[in-house]
Amino acid sequence: MRGPDHTPWPPDFAARYRAAGHWRGQTFGALLTALAAAHADRTAVVGEGARFSYAELDERAHRLAAGLVDLGVRPGDRVVVQLPNVPEFLPVVFGLFRVGAWPVFALPAHRDTELVHFAEQAEAVAIVTVDAHDRYDHAALARRVADRVASVRHVVVLSGACGANIGAVEPPAGALALDELGRAPRELPDPDPAGVAFLQLSGGSTGLPKLIPRTHDDYLYSVRESARICRLTPESVYLAALPVAHNYPLSSPGVLGALHAGATCVLAPRPDADTAFRLIEAERVTITGVVPPLAAAWVQAASRTELDLSSLEVLQVGGAKCGAELAARIGPALGCALQQVFGMAEGMVNYTRLDDPADVVLVTQGRPISLDDEVRVVDPLTDEDVPAGETGALLTRGPYTIRGYYRAAAHNATAFTPDGFYRTGDLVRRCASGHLEVVGRVKDQINRGGEKVAAEEVENHLMAHPDVLDAAVVGVPDEYLGERSCAYVVPVAGARPSAGELRRFVRERGVAAFTVPDRVLVVDAFPATPVGKTSKRELRAAIARSLVPGS
Ligand code: J2J
């Protein structure tokens, strides 16, 4: 017997969040209806080859909802959505919201293993995908998943979208064309705003992502407040550079925050500096969000670009720690303000505020959205609160943080405390102002014969070197010490610092001997997770492979 599918907030908490005005009983479908009335002719979304006004977005979402219902998709059904940054992403997702069916937000980089896992876990009835993207045949992928997962009855394919690069691919036998799904719009019953709206994916660095049930009420609260904190107005232009289905470009403030404000969303087919800078110039983008490795690449590219980036007011950096060294380079290079964002698909999001003092913006990862975000910083072994200002594991509970993963009773027993706090796995320090500084992951330390080395600290020292663009430190198994540290370093263009020089540089910053990385490897690039964070899991695997004789 499995437990309940998902864990609602206890009734007293739900009542409190409603009374405080956080949960307002509005669904995403109803929100779009209101936006279309308020901003009908304004541009809602821009992507390669298409531009939809608010009225067009609303109409398309209505048509798709009707088409999905005719296909047999019912309220509460799950539908895996694997779309790249194409304008159709929004009508598809809002169409599903209107039906009351739950999108499961796969990323374009996911392949058979992940998609089968999502479809099975969610017992999905359909997959909505694109014919091809980045030289990969997604329609064939979806068909394979449908063949392996019995619950999947339909594969719906968007053809001729941007970035296909391999020519239009014929939808596989039995697949439906998204264009043909659109039916005459008709009124559908509005789903329960307190109910689940979609399943987001955990960014977990171990194992396959878990499914995260988010409700209309809780997610809309975080979207509304994010738009306010980021000062979005109808004049704002938000660029989604990262894959838009990820929680960060979706909601922090992301495309949903931009729509909430009546602003324009621009979807970049790829996140590279050239593509993004062209769109910033052409669409007069005012705000966008990136992960630290991408921020580093943009900083470098900005020094050479002829393109006009002057419209850009805010560059958000988040998803992984943006060290103070990189943070300090961003404003001068891109001519905009930096905003740090520390969030998670499970809920809690922290922002540095646009009027925070410079040192707070450079050094912290922000403070929570809500006064009702409860934060505890505890000893990871005992769950006791650490003294104010000291480092500990972050636990959180609040009006938009889930109380349990979807269909994961056994995992939930350890991922949450008995009183409902989510164990984020992040090590943080909390300042008196409530700002959090992320100092690592509970497990991201190297145990060097008992001496604990925080990977993050060594990375910061390396990043202070002018030739270093990015650094990632992982543990390597060692016969004597148990583990030693290995630093991977990506140099700035044209530089080739030696391992010896970098070790000397760290030593000369006056650190404990065990903090100096035992090995330094200079590489061209790091392996990345589907959203572009540096994948330490793959770096560790690369080391493990290099230790196996003959591989
Ligand atoms: C350090 N670690 C960070 C940061 C996330 C906004 C922004 C990001 C995400 C996201 C998101 C970090 N410094 N600034 O969903 O809405 C690490 C932490 C966290 C995990 C969550 C959003 N920002 N992280 O990255 O679910 O370890 O969400 O627990 O993918 O990323 O990952 P994910």
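In this predicted model, Gly-174 lies in the loop that connects β8 (154-158) with β9 (176-177). With a relative accessible area of 64%, Gly-174 is exposed, because the cut-off for that class is over 50%. Gly-174 is separated from Ala-240 by 66 residues in sequence, and the C-alpha atoms of the two are 32 Å apart in space. Ala-240 itself belongs to strand β12 (residues 237-240) and is buried.

**The nine-stranded sheet**

Strand β12 is part of an open sheet of nine strands, with mixed pairing and the order β2-β1-β13-β12-β14-β15-β16-β17-β18. The edges of this sheet are formed by β2 and β18 (367-368), each of which pairs on one side only.

Within β12, the side chains alternate: Val-237 and Leu-239 point one way, Tyr-238 and Ala-240 point the other way, and all of them are buried. On one flank, β12 pairs with strand β13 (residues 264-267) in the parallel sense, over four bridges. The bridge partner of Leu-239 in β13 is Val-266. Strand β14 (residues 287-290) also runs parallel to β12 and is joined to it by two bridges; here the bridge partner of Leu-239 is Thr-288.

Strand β13 also pairs with β1 (residues 43-47), again in the parallel sense, over two bridges. In that pairing Val-46 stands opposite Val-266. Val-266 thus recurs in both pairings of β13 described here, as the partner of Leu-239 in β12 and as the residue facing Val-46 in β1.

At the edge of the sheet, strand β2 (residues 50-53) contains Ser-53. Ser-53 counts as buried, because its relative accessibility of 14% is under the 20% limit. Beyond its neighbours within four places in sequence, Ser-53 is in contact with Ala-40, Asp-41, Arg-42, Thr-43 and Ala-44.

**Helices α10 and α4**

Leu-279 is located in helix α10 (residues 273-283). At a relative accessible area of 19%, Leu-279 is buried, because the limit is under 20%. When neighbours within four places in sequence are set aside, the contacts of Leu-279 are Leu-239, Val-266, Leu-267, Ala-268, Pro-269, Arg-284 and Val-285. Two residues in this list, Leu-239 and Val-266, are also bridge partners between β12 and β13. Between Leu-279 and Pro-380 there are 44 Å in space, C-alpha to C-alpha, and the two are 101 residues apart in sequence.

Helix α4 (residues 89-99) is largely enclosed by the rest of the structure, because 11 of its 11 residues are buried. Among the buried residues of α4 are Phe-89, Phe-94, Phe-97 and Arg-98. The helix is followed by Gly-100, which has a positive phi near 90°.

**His-22**

The loop between α1 (11-19) and α2 (28-39) holds His-22. His-22 has a relative accessible area of 12% and is therefore buried. The side chains of His-22 and Asp-372 are joined by a polar contact of 2.7 Å. Apart from neighbours within four places in sequence, His-22 is in contact with Tyr-17, Asp-217, Tyr-221, Arg-224, Ser-370, Asp-372 and Pro-399.

**The ligand and its shell**

There are 20 residues around the ligand, of which His-246, Ser-252, Val-341, Asp-426 and Lys-533 come nearest. By class, this shell comprises eight nonpolar, eight polar and four charged residues. The elements α8 (247-251), β16 (337-344) and β22 (436-441) each supply at least two residues of the shell. The largest contribution is that of β16, with four residues; β16 is also one of the strands of the nine-stranded sheet.

Polar atom pairs between protein and ligand are listed below.

| Residue | Protein atom | Ligand atom | Distance |
|---|---|---|---|
| Gly-319 | backbone N or O | nitrogen | 3.0 Å |
| Val-341 | backbone N or O | nitrogen | 2.7 Å |
| Asp-426 | side-chain N or O | oxygen | 2.5 Å |

On its own, the ligand has 620 Å² of accessible area, and the protein covers 94% of that area. Val-341 and Asp-426, both present in the table, are also among the residues that come nearest to the ligand.

Conventions: Residues are numbered from 1 along each chain as its sequence is written. This is a predicted model: local features need pLDDT of at least 70, side-chain atom pairs count only at pLDDT 80 or more; totals for chains, interfaces and linings use all residues. Side-chain values use heavy atoms; hydrogens and water are left out. Buried means under 20% relative accessible area, exposed over 50%, partly exposed in between (1.4 Å probe, protein chains only). Contact means heavy atoms within 4.5 Å. A residue is near a molecule or strand if one of its heavy atoms lies within 4 Å of it. A polar contact is a pair of N or O atoms within 3.5 Å; within protein, one must be able to donate a hydrogen and the other to accept it, and residues adjacent in sequence count only if both atoms are side-chain atoms. Accessible areas come from the Shrake-Rupley method with a 1.4 Å probe; for residues, only the protein chains shown count as cover. Ala, Val, Leu, Ile, Met, Phe, Trp, Tyr, Cys and Pro count as nonpolar, Asp, Glu, Lys and Arg as charged, and the others, Gly among them, as polar. Two strands pair if DSSP finds at least two bridges between them.
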